[in-house]
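This briefing is intended for reading alongside the sequence and the coordinates. It proceeds by topic, beginning with a pair of charged side chains.

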Amino acid sequence: MAKKIKTREINIVEKGGAFNTFFKKLTGEQVENDYEGLEALRKLLSNERARILNTIKHKRPKSIYQLAKILQRDFKAVQEDVKLLERFGFLDLIAEKSGKRERLKPVLIVDEIHVKISI
């Protein structure tokens, strides 16, 4: 059985002289997000966030803390980036218990990101 590729589509359309951004969920429904245009998209898909996605894919860290250690970045900054990527549907945070502690394991839920810009 072939592996199904999970894709996230980002559509940017010109509307009244400004760009509006729409995410197409995996189910195909269109959802308007609370940020605008190409600048926001560039911030969302920054080099550091791309490093996070790549590290999660290849190193499979067990927690956000371990991810921060692998990236050699501040934990709080990595945590904020991970929460933003989760909010926009690029990854999930899975709660796992380790003794009395609970940690959040970041897991990718998309394999591809397609960006479409309509002018």
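Helix α4 holds both K76 and E80, which are 4 residues apart, or about one turn of the helix. Their side chains meet in a salt bridge, with an N to O distance of 3.9 Å. The model is a predicted one, and a search of the whole structure finds 5 salt bridges. The points below set out the overall architecture, the charged network, the strand pairing and a nonpolar patch.

**Overall architecture**

- The protein chain contains 4 helices and 6 strands.
- Along the sequence, these elements follow the order β-β-β-α-α-α-α-β-β-β.
- The protein chain has 119 residues, of which 30% count as buried.
- Of the contacts between residues at least 6 apart in sequence, 46% join residues at least 24 apart.
- The exposed area of the protein chain is about 8,200 Å², and carbon and sulfur atoms supply 49% of that area.

**The salt bridge in helix α4**

- Side chains of opposite charge can pair when their charged atoms come close.
- The pair K76 and E80 is counted as a salt bridge because the N to O distance of 3.9 Å falls within the 4 Å cut-off.
- E80 has a relative accessible area of 48% and is therefore classed as partly exposed, since the exposed class begins over 50%.

**The charged network around helix α2**

- A network of salt bridges links E48, R49, R51, R73 and D81.
- Within this network, E48 and R51 form a salt bridge whose closest N and O atoms are 2.9 Å apart.
- E48 and R51 are 3 residues apart in helix α2, so about one helical turn separates them.
- E48 also forms a salt bridge with R73, and here the closest N and O atoms are 3.5 Å apart.
- The pair of R73 and E48 links distant parts of the chain, 25 residues apart: R73 belongs to the loop between α3 (64-71) and α4 (75-87), whereas E48 belongs to helix α2.
- Three members of the network are partly exposed: E48 at 30% relative accessibility, R51 at 34% and R73 at 22%.

**R49 and its surroundings**

- Is R49 buried or exposed? With a relative accessible area of 15%, R49 is buried, because the buried class covers values under 20%.
- R49 lies in helix α2, which spans residues 47-59.
- The side chain of R49 makes a polar contact of 3.0 Å with the side chain of D81.
- Apart from neighbours within four places in sequence, R49 is in contact with K43, L44, D81, L84 and L85.

**The β4-β5 hairpin**

- Strand β4 (residues 91-98) and strand β5 (residues 101-108) pair in the antiparallel sense, over 8 bridges.
- In this pairing, L93 stands opposite P106 of β5.
- The two strands, β4 and β5, form a hairpin with 2 residues between them, and G99 in the turn has a positive phi of about 70 degrees.

**A nonpolar patch and strand β6**

- Which residues make the nonpolar surface patch of about 230 Å²? The patch is made by I113, V115 and I117.
- I117 is found in strand β6, which covers residues 112-118.
- In a regular strand, the side chains alternate between the two faces of the sheet.
- I117 counts as partly exposed because its relative accessibility is 44%.

Terms used: Residues numbered from 1 in each chain as written. Predicted model: local features only at pLDDT ≥ 70, side-chain atom pairs only at ≥ 80, totals over all residues. Heavy atoms only, no water. Patch = residues over 30% accessible without salt bridge, like charges linked within 9 Å, V, L, I, M, F, W, Y side chains within 5 Å. Areas by Shrake-Rupley, 256 points an atom, 1.4 Å probe, with all protein chains shown as cover. Buried < 20%, exposed > 50% of the residue type's maximum accessible area, 1.4 Å probe, protein only. Pairing = 2+ DSSP bridges. Polar contact = N/O pair within 3.5 Å; in protein donor to acceptor, adjacent residues only side chain to side chain. Contact = heavy atoms within 4.5 Å.
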